[in-house]
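Trainee: Could you walk me through this one? I'd like to learn how you reason your way from a picture to an answer.

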Amino acid sequence: MKLLVPATTTNFGSGFDTFGLALNLYNTFEFRESDAFGVEVEGEGKELPRDENNLLIRVYKRACEVFGVPVKPFKLKQVNEVPTARGLGSSATAIVGGIEACVRLHSLEVNLEDKMKVAFEFEPHPDNLLPAFVGGFVVCVQNGGLVYNRLDFPDELSLVFAVPDFELSTEEARRVIKREVSLKDAVFNIQRASLLVSAILTGKYELLRTAVEDRLHQPYRAKLIKGFEKVLEAGYSAGAYAVFLSGAGPTVCAISSGEVKDRVGSAMIEAFEREGVRAKVLHLKGSGKGAHWL
Ligand SMILES: Nc1ncnc2c1ncn2[C@@H]1O[C@H](COP(=O)(O)OP(=O)(O)O)[C@@H](O)[C@H]1O
Ligand SMILES: N[C@@H](CCOP(=O)(O)O)C(=O)O
């Protein structure tokens with residue numbers, strides 16, 4: 001039994017905790033029933049726990065408890081393409097993996113709202129989780145229940161990620177954000193987040209540069225990421241439509257198209273390197289597919 005769960009990029013600058021997009025980069029989780037839990041990891045995340053402290057197993061056990069079924073142990077083989085603690089939703093892949101494993105191993109029928117209730121106990125924002133479950137570009141709303149709208153992300157747009165070789169935990173990157181916001185800054189973000197959705201829907205990509213501007217989280221997080229401003233400038237100088245922090249960072253994402261994407265990737269990597277930060281580039285696309293079994 002093999003489950004593929006996509007990486008996600010979130011926020012898109014102005015849409016903090018609101019916008020999330022599934023990517024064509026996956027963690028693959030293979031399950032074999034067994035007498036005891038065990039974990040094997042290939043690819044990214046060599047440091048991940050090999051025992052019941054592994055996030056996927058912790059989520060699986062909690063899902064069994066919530067859905068009222070016995071815990072059946074398994075051997076898990078992870079083949080991870082998603083770098084951990086880089087702002088590409090690796091923790092969401094593990095959370096979604098644990099929930100889907102519980103549903104499948106017990107042949108349950110569970111709706112998305114009930115799956116999300118369990119997921120929220122581990123990650124209290126929906127923007128990685130929802131696209132990891134359902135794919136596509138998702139506008140997420142938190143109101144105690146499940147309200148979201150899923151759009152197709154334009155295939156002509158490329159996502160270029162500059163992934164630095166250091167980790168930044170989402171928890172730490174959330175701690176630095178200011179809790180209070182002025183009306184002026186709230187309006188600033190509402191205008192841009194609305195512009196972003198309309199720009200994607202109408203193909204007016206020249207609006208994206210303004211649409212990803214943010215005053216809620218990026219200015220605070222930028223201080224934790226050496227070279228962030230320089231990488232941003234380099235992406236724009238190379239012709240990107242938009243450049244912003246992927247999730248909580250430290251990865252930087254650029255939206256681009258056609259041939260320009262190669263220039264954008266090299267420029268961002270070089271900018272990181274000039275600051276003494278090693279980084280690699282990932283050229284990805286939005287994916288319409290969420291978690292699915294092979
Ligand atoms: N593939 C995975 N399997 C199990 N646990 C994971 C996996 N990926 C991430 N995690 C857990 O999530 C933590 C990283 O979460 P977080 O800081 O939110 O980073 P990210 O931005 O990659 O989601 C890791 O330290 C690890 O405990
Ligand atoms: N909206 C969240 C998204 C965190 O994503 P991750 O991939 O960095 O875990 C935030 O900005 O904190």
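Trainee: Is Gly 89 buried or exposed?

Mentor: First, a heads-up: this is a predicted model, so local features need pLDDT of at least 70 and side-chain atom pairs count only at pLDDT 80 or more, while totals for chains, interfaces and linings use all residues. Residues are numbered from 1 along each chain as its sequence is written, with chains lettered from A and ligands numbered from 1 in the order in which they are written. A residue is buried if 20 or more other C-beta atoms (placed from the backbone) lie within 10 Å of its own, exposed if 12 or fewer, and partly exposed in between. Gly 89 has 33 C-beta neighbours inside 10 Å, so it counts as buried.

Trainee: Where in the chain is Gly 89?

Mentor: Helices (H or I, at least four residues) and strands (E, at least two) are DSSP runs, numbered from the N terminus. Strand E4 covers 74–80 and helix H2 covers 90–105. Gly 89 has its place in the loop between E4 and H2.

Trainee: Pro 83 is in that loop too, so how many other C-beta atoms lie within 10 Å of Pro 83?

Mentor: UniProt, in an unreviewed entry, has a "binding site" feature that includes Pro 83 and Gly 89; its positions use the numbering here, feature names are shortened, and annotations may be inferred rather than shown by experiment. Pro 83 is buried because the number of other C-beta atoms within 10 Å is 22.

Trainee: Which residues come nearest to ligand 2?

Mentor: A residue is near a molecule if its C-beta atom, placed from the backbone, lies within 6 Å of it. There are 16 residues around ligand 2, and helix H4 (126–134) and helix H5 (170–175) are the elements giving two or more of them. The ones that come nearest are Gly 87, Gly 89, Thr 170, Gly 247 and Ala 248.

Trainee: And helix H9: how wide an arc do its buried residues cover around the axis?

Mentor: In H9 (residues 228–237), the buried ones are Phe 228, Val 231, Leu 232, Ala 234 and Gly 235. An α-helix has 3.6 residues a turn, so residues three or four places apart point the same way. The arc is that of the directions from the helix axis to the C-beta atoms. The buried residues sit on the same side of H9 because their arc is only 165°.

Trainee: Which exposed residues does the face turned away from that buried side carry?

Mentor: Among what covers the buried residues of H9 are strand E7 (158–164) and helix H10 (260–274). The face turned away from the buried side carries the exposed residues Glu 229 and Ser 237.

How values were computed
Two residues are in contact if their C-beta atoms, placed from the backbone, lie within 7 Å.
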